[in-house]
Amino acid sequence: MDILRRLGQYLDRPGFPWKKLIIGFQITQYLFEGILSLRQYKILQQPKPPKTLEGEIKQETFDKSQAYGRAKAQFGFVSGLYSQAQNFATIYYDVLPRLWDLTGIWLSRYSPQGFTGEIVHTIIFFFTYNLITTTINLPVSYYSTFVLEEKFGFNKSTVKLWVTDLLKGQALGVALGVPLLSAFLAIIQKTGNSFFYYLFLFGIAVQLFAITVYPIAILPLFNKLSPLEEGALKTGVEGLAKRLDFPLNNLFVIDGSRRSAHSNAYFYGLPWKKHIVIYDTLIEKSQTEEVVAVLSHELGHWSLSHTTKLFGIAQFHMFYIFALFSVFINNRSLYQSFGFHKEFPIIIGFILFSEALAPMDTVVKLLMNMLSRKFEFEADEFAVRLGYSTELAKSLIKLQIQNLSTMDADWVYASYHFSHPILPERLGALGWSSREKKADPTMVDETKSKVATGREL
């Protein structure tokens with residue numbers, strides 16, 4: 001506590017150029033990520049697949065994958081510049097203090113008696129700001145779904161469904177955001193300088209609540225979960241769960257094909273009660289043993305305690321974020337640098353603190369991706385020990401083709417951006433070698449093989 005207090009006093013220097021510093025952070029990160037994207041773009045211009053994939057991938061499929069990768073990269077350059085321009089305009093034109101003052105005027109003029117104070121003001125400010133940013137980014141979202149993804153045959157959504165999802169998301173954001181944001185602010189207001197301890201406990205409670213409530217009350221708003229029908233797949237998955245003492249409670253199929261051709265599988269739930277969800281697209285495009293192999297990889301994460309370790313790391317990360325926030329929450333020089341001279345709202349402090357923390361978040365992202373890739377290799381090895389080496393390799397190749405995922409990657413770009421190893425690395429670790437030079441081992445119609453981006457497994 002004393003260290004945090006002294007650090008807060010040291011950083012609260014009148015006239016310190018926080019605005020210039022944060023703009024500098026943003027520009028540096030944008031340029032850094034742009035350089036990485038240019039390195040990757042050169043890889044996406046290569047005419048031949050990696051040697052590991054030469055016997056597995058048709059030249060036509062590789063060309064499509066490269067074209068899709070280049071299209072996404074070009075879109076990323078433009079959307080990234082658009083986002084950077086928004087951030088710069090928000091800071092340069094003092095949008096935050098202007099919007100805070102405007103919502104304060106609305107509150108004083110139109111709110112019912114009793115609806116006053118920082119919490120109410122913050123809620124109005126937050127959702128107004130969210131509505132503005134969502135509206136500004138609608139063209140980017142529309143282009144991504146109905147131009148880029150549509151061009152490569154990935155999009156399964158309609159404009160009506162897209163708008164409906166958007167409205168549901170906004171309504172859900174209000175329904176959940178109001179009580180969560182109110183509790184966040186109330187905890188800080190009432191617990192003094194030790195607020196981060198209580199915020200940490202509150203954060204854990206929210207996560208446990210989300211794990212329990214999300215599949216019951218939220219997921220059905222967007223997708224339909226149906227019990228997996230009796231048959232070889234259900235028998236195989238239940239046998240795998242029993243073999244590993246996995247506490248399987250329900251086995252569902254999700255209608256992922258309603259929006260895209262994504263293929264994936266995952267599990268969720270409390271430690272003593274787990275549920276497995278398999279995308280209908282994965283079942284449609286894979287053989288039974290391949291789906292079981294995919295799940296052997298996923299359950300490998302559970303058996304090797306990867307999910308527990310990542311949950312623990314996430315809690316530590318949340319705690320240090322809240323602890324560091326206690327250093328900045330009363331930093332008047334930070335507020336004043338961004339145009340807040342009379343009022344010092346908590347939510348503004350948190351927003352500005354998040355911007356100041358960006359360089360550290362970049363390092364955290366790099367380290368977490370390194371750890372995630374290590375866990376992916378370990379989960380693959382776990383599936384091999386269960387006897388699914390061949391089936392898993394075939395499934396990974398098939399999903400790579402269906403997804404038109406990146407076949408190769410610049411090592412610096414991959415280290416920074418990818419949470420999963422690229423396919424040649426995984427096949428090499430699996431000891432896979434094609435018995436004969438042959439084309440796509442998917443045994444499915446190419447018209448059914450077009451899937452959105454996929455590094456899901």
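Leaving aside residues up to four places away in sequence, Q400 touches S405, T406, M407 and L423. In this predicted model, Q400 belongs to helix α16, which covers residues 389-403, and its side chain reaches the backbone oxygen of T406 at a distance of 2.6 Å. T406 therefore appears twice in the surroundings of Q400, once among the residues that Q400 touches and once as the owner of the backbone oxygen that the side chain reaches, while Q400 itself counts as buried because its relative accessibility is 9%.

From this polar side chain the reader may turn to the charged ones. A search of the whole structure finds 8 salt bridges, among them the pair formed by R426 and D380, whose closest N and O atoms are 2.9 Å apart. This pair links distant parts of the chain, since R426 sits in helix α18 (residues 423-430) and D380 in helix α15, with their positions 46 residues apart in the numbering. Both partners count as buried: R426 has a relative accessibility of 4%, and D380 has a relative accessible area of 2%.

Helix α15, which spans residues 358-385, also holds a salt bridge between two of its own residues, for the side chains of E378 and K374 meet at 2.5 Å, N to O. Because E378 and K374 are 4 residues apart in this helix, they are separated by about one helical turn. Here the partners are partly exposed, E378 with a relative accessible area of 24% and K374 with one of 44%.

A further salt bridge joins E230 and K234, with the closest N and O atoms 3.0 Å apart. Are its two partners buried or exposed? E230 counts as exposed, because its relative accessibility is 67%, whereas K234 is buried, with a relative accessible area of 17%, so this value falls under the 20% that marks a buried residue.

The last feature concerns nonpolar side chains at the surface. Y142, Y143, V147, V159, V163 and L167 make a nonpolar surface patch of about 500 Å², to which helices α6 (138-151) and α7 (159-191) each supply at least two residues. One of the residues in the patch is V147, whose place is in helix α6. V147 is partly exposed, with a relative accessible area of 34%, and it can therefore be counted in the patch, because patch residues need over 30% relative accessible area.

Conventions: Residues are numbered from 1 along each chain as its sequence is written. This is a predicted model: local features need pLDDT of at least 70, side-chain atom pairs count only at pLDDT 80 or more; totals for chains, interfaces and linings use all residues. Side-chain values use heavy atoms; hydrogens and water are left out. Patches are made of residues with over 30% relative accessible area and no salt bridge: like charges are joined within 9 Å, nonpolar side chains (Val, Leu, Ile, Met, Phe, Trp, Tyr) within 5 Å. Accessible areas come from the Shrake-Rupley method with a 1.4 Å probe; for residues, only the protein chains shown count as cover. A salt bridge is a side-chain nitrogen of Lys or Arg within 4 Å of a carboxyl oxygen of Asp or Glu. Buried means under 20% relative accessible area, exposed over 50%, partly exposed in between (1.4 Å probe, protein chains only). A polar contact is a pair of N or O atoms within 3.5 Å; within protein, one must be able to donate a hydrogen and the other to accept it, and residues adjacent in sequence count only if both atoms are side-chain atoms. Contact means heavy atoms within 4.5 Å.
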